[in-house]
Amino acid sequence: VEPASWSGPPRPAEDGTISVEGFNEYAESLPEAERLPEPLAVEFVKPREPYDVSSKMRTGGATVFVLRDNLEDDSVRAERHELGFGLVSGGEWRLFTAQVAYRCQPNRGHQDFSPELCL
């Protein structure tokens, strides 16, 4: 049996949503200590350094943000992934939703986070 692997998220749809298909099966192969919302979010996104991770916990769920800011990119200043996790029976965390949004460099498009690409 091949070990499960995850090479990173698939390309986002035009509205910024990202398919999470296959990730939860992969996550089951990780050590228990890594099967929490923040480490799972980093594993899903596989961001390049530097990045910040923050989360909002709620009963039975969590939203995790993975932010890369001040990017060395002509058009994109920041990239933010928002991942929605839920607790399922047995106390296991599952990733249910993922989306990405961008903030553009000055004069290269929108200055708020949006799935719309920068110019």
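**Entry 1: a strand pair**

I began with Leu-67, which stands opposite Arg-80 in strand S3. Before going on, a reminder to myself: this is a predicted model. Next I looked up how S2 and S3 are joined, and found 8 bridges, with the two strands running antiparallel.

**Entry 2: the whole sheet**

Which order do the strands take in the sheet? I read it as S1-S2-S3-S4, an open sheet of 4 strands with antiparallel pairing. S1 and S4 stand at the edges with a single partner strand each, so one side of each has no neighbour in the sheet. I also looked up the turn between neighbouring strands, and on average it is 15 degrees, direction ignored. As a general note, strands of a sheet pair through backbone hydrogen bonds.

**Entry 3: the helix on the sheet**

Then I turned to helix H2, which packs on the sheet and touches S1, S2, S3 and S4. The direction of H2 makes about 130 degrees with that of S3. Which residues of H2, spanning 37-45, are buried? My list reads Pro-37, Leu-40, Ala-41, Glu-43, Phe-44 and Val-45. I noted that Glu-43 is on that list of buried residues. The buried residues of H2 also pack against H1, besides the strands S1 (52-58), S2 (61-68), S3 (76-88) and S4 (92-104). Right after H2 comes Lys-46, and its phi is positive, near 50 degrees.

**Entry 4: a histidine in S3**

Back on strand S3, I picked His-81. Is His-81 buried or exposed? It is buried, as its relative accessible area is 7%, and the cut-off for buried is under 20%. Leaving out residues up to four places away in sequence, I found His-81 touching Ile-18, Val-45, Val-64, Phe-65, Val-66, Gln-99 and Val-100. Val-45 I had already met, among the buried residues of H2.

**Entry 5: aromatic rings**

How many aromatic pairs are there? I got 4. One of them is Trp-6 with Phe-23, an edge-to-face pair with 5.0 Å centre to centre and 75 degrees between the planes. Trp-6 sits in the segment before helix H1 (23-27) and Phe-23 in H1 itself, so this pair ties together parts that are 17 residues apart in sequence. Both Trp-6 and Phe-23 are buried.

Phe-23 also pairs with Tyr-26: the ring centres are 6.0 Å apart and the planes at 55 degrees, so I wrote this pair down as tilted. Phe-23 and Tyr-26 are 3 residues apart in helix H1, which is about one helical turn. Tyr-26 is buried, as is Phe-23. Putting the rings together, I see a cluster in which ring pairs link Trp-6, Phe-23, Tyr-26 and Phe-44. Phe-44 was on my H2 list too, as a buried residue.

**Entry 6: a charge over a ring**

I went back to Arg-80, the residue opposite Leu-67. Where does the charged end of Arg-80 sit? I found it over the ring of Phe-113, 4.3 Å from the ring centre.

**Entry 7: the disulfide**

Last, I searched the whole structure for disulfides and got 1. It joins Cys-104 and Cys-118, with the sulfur atoms 2.1 Å apart. The angle about the S-S bond is -95 degrees, and the link is left-handed. Cys-104 lies in strand S4 and Cys-118 in the segment after S4, so the pair ties together parts that are 14 residues apart in sequence. Both Cys-104 and Cys-118 are buried.

How values were computed: Residues numbered from 1 in each chain as written. Predicted model: local features only at pLDDT ≥ 70, side-chain atom pairs only at ≥ 80, totals over all residues. Heavy atoms only, no water. Phe/Tyr/Trp six-rings, centres within 6.5 Å; stacked < 30°, edge-to-face > 60°. Buried < 20%, exposed > 50% of the residue type's maximum accessible area, 1.4 Å probe, protein only. Lys NZ or Arg CZ within 6 Å of the ring centre and 35° of its normal. Contact = heavy atoms within 4.5 Å. Pairing = 2+ DSSP bridges. Axes fitted to C-alpha atoms, helices over the stretch in contact; angles between N-to-C directions. Disulfide = S-S within 2.5 Å.
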